[in-house]
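Colleague: Before I plan anything around this protein, could you take me through how its strands and helices fit together?

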Amino acid sequence: MRVAMFGYQTWGHRTLRALLDSEHEVVLVVTHPKSDHAYEKIWSDSVADLAAEHGVPVVLRNRPDDLVPTLKEAEPDIIVANNWRTWLPPEIFTLPPHGTLNVHDSLLPAYAGFSPLIWALINGEQEVGVTGHLMDEELDAGDIVVQRSVPVGPRDTSVDLFHKTVDLIEPVVTEALGLIASGRTDFTPQDRSKATFFHKRSIEDSRIDWNWPAEHIDRLVRAQVDPYPNAFTYHRGQRLRIVRASVSQGRYGGTPGRIFIKEGDGVVIVAGADARFGQNHGLVVERVRTEDGTELAATDYFRTMGGYLTAS
């Protein structure tokens with residue numbers, strides 16, 4: 001098949017690489033211009049550079065305005081999209097005879113929308129994955145062509161999950177295109193009663209609430225490891241980033257946010273709204289980063305016990 005590809009960053013780069021390695025012909029690549037946005041500098045392998053290396057025509061757009069004539073001239077049999085950041089209108093995604101295959105890094109219908117791996121880790125999901133589905137007018141809602149999953153390990157971070165799922169892109173794209181090229185059309189409709197949709201991450205989403213159970217805060221810290229902006233709290237009026245943490249072995253009661261006691265290689269912070277009335281596991285903070293970028297072991301930063309970590 002003749003393939004036009006829409007994509008950006010490492011997800012788009014891996015998709016284009018899969019297409020270039022396949023039996024199909026890549027006739028056009030549409031990607032976004034380079035951005036200075038902090039999130040878009042993460043996993044920023046260039047789709048444009050890879051296309052240029054292989055002599056594939058490249059169009060740079062922030063939005064797909066005025067692209068219909070260019071696409072008609074390229075005569076694709078199908079469009080493949082991965083991490084295209086803006087809405088594709090029906091006059092584009094329905095233009096090729098086989099429509100548009102969108103590749104999304106979640107197990108749809110769950111975690112449609114943005115930052116699916118981070119949200120899935122925060123929410124304690126047991127597996128994550130990649131879905132190739134046919135695009136329709138509703139975001140991430142079209143029929144599923146191929147879906148593959150991987151387990152979430154007990155100490156996995158968002159970076160671990162990125163590497164696990166990005167390696168699924170090539171087999172998902174290859175298998176999906178093979179099924180479509182064979183003439184298959186009997187793909188799996190999504191159960192919309194199970195659909196969930198998540199918004200883009202912002203700095204506010206990384207703020208720690210010490211009323212949460214320690215298990216939830218631990219997942220937030222693992223979801224926000226470098227190179228993502230770290231989960232953060234405040235100590236004595238200064239922002240403090242939590243670089244590494246774990247759930248305590250012991251159980252501790254008291255006021256959430258209390259800097260309590262050393263355990264293992266870290267310092268226990270009381271956590272959980274009901275900690276005042278019982279004994280919960282706390283969060284063992286192991287490494288922190290101060291506002292000036294200095295990273296320290298928590299046992300070096302918290303020289304004395306007592307005081308509180310707060311939301312602001």
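Colleague: How many bridges join strand β5 to β7, and which residue in β7 is the bridge partner of Val103?

Modeller: In this predicted model, strand β5, covering residues 100-104, and strand β7 run antiparallel and are joined by four bridges. Within β7, the bridge partner of Val103 is Gly132.

Colleague: On β8, which residue is the bridge partner of Val128?

Modeller: Strand β8, residues 144-151, pairs with β7 in the antiparallel sense, and this pairing extends over seven bridges. In β8, the bridge partner of Val128 is Val150.

Colleague: Is strand β7 largely enclosed or largely open?

Modeller: Strand β7 spans residues 127-134, and a residue counts as buried when its relative accessible area is under 20%. Six of the eight residues of β7 are buried, so with respect to the rest of the structure the strand is largely enclosed.

Colleague: Which strands stand at the edges of the sheet?

Modeller: The sheet is open, has seven strands with mixed pairing, and follows the order β3-β2-β1-β4-β5-β7-β8. Each edge strand has a single partner strand, so one side of it is left without a neighbour in the sheet, and the strands in this position are β3 (58-60) and β8.

Colleague: What does the twist average from one strand to the next?

Modeller: Taken from one strand to the next along the order β3-β2-β1-β4-β5-β7-β8, the twist averages 15°.

Colleague: Which residue in β4 stands opposite Phe6?

Modeller: Strand β1, residues 2-7, and strand β4, residues 78-82, run parallel and are joined by five bridges. Opposite Phe6, in β4, stands Ala81.

Colleague: What angle does the direction of helix α7 make with that of β8?

Modeller: Two helices can be described here, and the one formed by residues 158-166, α6, lies across β7 and β8 while running at about 40° to β7. Helix α7, residues 169-181, packs on the sheet and touches β4, β5, β7 and β8, and its direction makes with that of β8 an angle of about 155°.

Colleague: Why is helix α1 described as largely enclosed, and against which elements do its buried residues pack?

Modeller: Helix α1, residues 9-20, reaches 16 Å from its first C-alpha to its last, close to the 16 Å expected at 1.5 Å a residue. Nine of its 12 residues are buried, so the helix is largely enclosed by the rest of the structure, and among the buried ones are Trp11, His13 and Leu16. The buried residues of α1 pack against β1, β2 (25-31), α2 (47-53), β4, α6 and α7.

Conventions
Residues are numbered from 1 along each chain as its sequence is written. This is a predicted model: local features need pLDDT of at least 70, side-chain atom pairs count only at pLDDT 80 or more; totals for chains, interfaces and linings use all residues. Side-chain values use heavy atoms; hydrogens and water are left out. Buried means under 20% relative accessible area, exposed over 50%, partly exposed in between (1.4 Å probe, protein chains only). Two strands pair if DSSP finds at least two bridges between them. Axes are lines fitted to C-alpha atoms, for helices over the stretch in contact, and angles run from 0 to 180 degrees between N-to-C directions. Contact means heavy atoms within 4.5 Å. The expected span of a helix is 1.5 Å times one less than its number of residues.
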